[in-house]
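Trainee: Could you take me through this structure slowly, explaining how to read each feature before turning to the case at hand?

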Amino acid sequence: MSATAQGNGAGGASSASFDAVIVGAGFAGMYQLHRLRGAGFSARVIEAGDGVGGTWYWNRYPGARCDVESLDYQYSFSDDLQREWDWTERYATQPEILKYANHVADRFDLRRDIQFETRVNTATFDEQANRWDITTSRGDRYSARFFIMATGCLSAARVPDFKGVETFKGDTYHTGQWPHEGVDFTGKRVGIIGTGSSAIQSIPIIAQQAAHLTVFQRTPNYSLPANNESLTSEKISVYKQNFAEIKQTARETASGIITNPRDISVLQAGPDERRTLFEEGWHEGGFHLLEKFNDLVATNAANETVAEFVRQKIREVVKDPQTAELLCPKDYPLGTKRICIDTNYFETFNRDNVTLVNIKDAPIEEITPTGVRNKDGSWEFDAIVFATGFDAMTGAILGVDIKGRGGASLREKWAAGPRTYLGLSVADYPNMFLITGPGSPSVLSNMIVSIEQHVDWITGCMDYMRTNNLATIEATKPAEDAWVDHVNELANMTLYPQANSWYLGANVPGKPRVFMPYVGGVGAYRIKCDEVAAKGYEGFTLGAAERELATV
Ligand code: FAD
Ligand code: NAP
């Protein structure tokens with residue numbers, strides 16, 4: 001299909017017409033571009049940053065790494081790509097993952113269709129033309145038959161609305177918008193707010209540099225040791241040789257990662273067996289602890305056994321008993337907030353230059369020109385790090401003012417929480433697709449597996465429409481309602497709703513409390529999506545084209 005363009009390539013505003021406009025050049029946007037090109041569609045990617053990689057472009061804080069093992073956290077679509085790329089560590093660093101993203105962009109010549117340093121501001125569906133009109137921060141106006149949001153689940157970085165934040169005289173940083181040149185904290189008094197995954201990765205490294213590091217903790221997290229190590233050439237070679245089979249199996253699992261769970265309830269195991277297996281899982285590192293029994297995240301009673309094991313580990317590591325107790329999560333089940341994977345996190349609290357401040361009952365009242373204040377006291381800093389997370393799953397989507405049929409605003413439609421069909425599509429928003437949108441497994445999975453599945457499905461759908469001379473596809477309201485009910489029903493059967501997590505929007509004051517990801521697992525979800533397609537896109541309305549669409 002074709003693209004038409006007007007405007008200059010020297011930074012001025014453009015107007016152009018494409019089969020698809022894709023927002024975001026992370027792993028989702030890059031792969032979507034590659035697939036659409038391969039299928040003969042014209043596409044333009046629009047990316048706010050000045051490079052590819054998304055998450056790995058923005059999150060350059062010290063210690064940033066994947067927590068899904070590197071060999072699993074890579075694309076599977078190209079055998080040549082996997083053969084020529086060697087990961088060096090069990091958990092790759094952010095620079096290495098960003099290098100991989102850049103390698104992919106170069107290898108598949110993606111950059112010529114990506115417009116960087118440009119933010120999509122609005123997208124409006126034109127019902128007469130059956131096309132999306134898209135405007136950008138640079139004044140561009142694009143027209144596209146398909147509008148694809150590859151904006152990421154964790155890309156809208158969020159600094160809480162602290163009173164006085166703008167008055168602070170020192171330096172401030174958000175982990176998700178880290179300066180490219182890095183930050184040297186040597187000799188500085190640093191405060192870090194938050195103890196989620198980003199904080200847990202960065203605290204041990206910042207503590208090694210800073211004169212003093214003060215950690216403000218509202219909720220302690222369950223964190224498991226990474227036991228990171230260099231990958232041996234033998235391990236890499238075995239993985240490469242079995243790549244296709246491994247990836248196929250991973251696609252059929254619940255999480256997009258092959259695990260080896262024992263089919264035994266922890267409640268049936270005696271204390272010695274429990275302890276031995278928990279120790280084994282702890283030393284294997286990462287999420288392996290959870291494989292030791294089949295019900296650790298299924299019931300409160302089972303969960304409490306592993307939660308208490310982790311608390312005991314914290315107590316063993318952290319020398320000051322009061323600090324250890326503060327670091328022990330006690331009021332939500334393990335796994336209901338994203339489990340953190342760390343290297344020397346708890347050990348860091350044994351350093352003389354690290355202080356933990358519990359702000360659960362004494363919230364931060366103000367950022368002052370010199371530091372942080374709550375009802376218990378005030379702390380002076382040269383720098384403050386906000387490790388305060390993201391407006392997850394919906395933040396970046398609603399960052400674009402999207403108007404569907406009849407000018408319906410997506411922000412208004414989702415005011416009480418996101419509503420989608422399959423996490424891919426929204427009723428009244430024809431030809432708009434969400435990659436890893438709310439209502440899909442997304443953040444509960446190895447995201448690259450979920451991204452590839454969505455991109456493949458969307459590409460297949462567009463191809464089907466072209467072949468069948470269809471102009472529009474849109475979710476029906478009943479299909480959307482039924483899917484939302486199904487997503488909620490499954491979530492309510494789990495322990496997840498028991499924690500105040502970003503999965504539920506609980507980290508953003510005023511955000512509706514709705515469990516956003518789909519807990520049914522990527523394998524079952526893939527089957528459902530494939531069935532929908534096989535039944536001629538069941539649950540969607542397909543609109544015929546008035547005249548035949550151009551074909552390749
Ligand atoms: P992103 O990588 O977030 O890319 C979205 C892009 O869209 C961004 O570059 C953004 O600038 C752009 N964008 C957004 N809105 C606009 C707009 N309006 N206009 C223009 N551009 C826009 N997942 C795992 O599975 N395993 C891990 O180990 C893992 N580790 C993570 C570590 C960190 C620190 C974080 C924050 C997330 C991690 N994740 C992990 C989740 C991670 O986000 C995904 O794995 C994956 O990288 C998401 O890719 P994406 O392309 O969907 O989104
Ligand atoms: P996060 O998990 O949302 O953690 C944010 C932290 O800031 C929490 O401790 C939160 O406390 C605290 N906070 C937020 N608002 C606050 C306020 N007003 N006052 C005091 N404290 C406040 O964010 P994140 O650490 O950036 O991680 C987000 C997700 O990204 C992760 O869950 C994970 O999926 C992904 N990630 C992965 C890795 C990895 O290991 N590969 C690393 C980083 C991120 P509460 O808990 O009380 O809300």
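Mentor: We will go through the two ligands and then the aromatic rings.

Mentor: This is a predicted model, in which local features need pLDDT of at least 70 and side-chain atom pairs count only at pLDDT 80 or more, while totals for chains, interfaces and linings use all residues. Residues are numbered from 1 along each chain as its sequence is written, chains are lettered from A and ligands numbered from 1 in the order in which they are written, and side-chain values use heavy atoms, with hydrogens and water left out.

Trainee: Which residues come nearest to ligand 1?

Mentor: A residue is near a molecule if one of its heavy atoms lies within 4 Å of it. Of the 33 residues around ligand 1, those that come nearest are Glu47, Thr55, Asp67, Tyr73 and Met447. Sorted by class (nonpolar: Ala, Val, Leu, Ile, Met, Phe, Trp, Tyr, Cys and Pro; charged: Asp, Glu, Lys and Arg; polar: the others, Gly among them), this shell has 18 nonpolar, 12 polar and 3 charged residues.

Trainee: Which polar backbone atom lies 2.9 Å from a nitrogen atom of ligand 1?

Mentor: A polar contact is a pair of N or O atoms within 3.5 Å; within protein, one must be able to donate a hydrogen and the other to accept it, and residues adjacent in sequence count only if both atoms are side-chain atoms. Here the atom belongs to Val120, 2.9 Å from the ligand 1 nitrogen, while oxygen atoms of ligand 1 lie 2.8 Å from a polar backbone atom of Met447 and 3.2 Å from a backbone N or O atom of Val68. Ligand 1 taken alone exposes 980 Å², of which the protein buries 95%, where accessible areas come from the Shrake-Rupley method with a 1.4 Å probe and, for residues, only the protein chains shown count as cover.

Trainee: Which helix gives the most to the shell around ligand 1?

Mentor: Helices (H or I, at least four residues) and strands (E, at least two) are DSSP runs, numbered from the N terminus. The most comes from α2, with 3 residues.

Trainee: Where does ligand 2 lie with respect to the domains?

Mentor: Domain bounds come from an automatic or database domain assignment. Ligand 2 lies between domain 1 (4-156 + 392-544) and domain 2 (157-222 + 335-387), because both give residues to its shell. Of the 24 residues around ligand 2, Arg65, Thr195, Ser198, Arg218 and Thr219 come nearest, and helix α5 (residues 197-209) supplies the largest share of the shell, 3 residues. A polar side-chain atom of Gln201 lies 3.0 Å from an oxygen atom of ligand 2, and a polar backbone atom of Asp67 is 3.1 Å from a nitrogen atom of ligand 2. The protein covers 88% of the 910 Å² of accessible area that ligand 2 has on its own.

Trainee: How many aromatic pairs does the structure hold?

Mentor: Rings of Phe, Tyr and Trp (its six-membered ring) pair if their centres lie within 6.5 Å, and planes under 30 degrees apart count as stacked, over 60 as edge-to-face and the rest as tilted. The structure holds 43 such pairs. One of them joins Phe18 and Tyr142, whose centres are 5.8 Å apart with planes at 65°, so the pair is edge-to-face. That pair links distant parts of the chain, with Phe18 in strand β2 (residues 14-23) and Tyr142 in strand β7 (residues 141-149), 124 residues apart.

Trainee: Are Phe18 and Tyr142 buried or exposed?

Mentor: Buried means under 20% relative accessible area, exposed over 50%, and partly exposed in between (1.4 Å probe, protein chains only). Both Phe18 and Tyr142 are buried.
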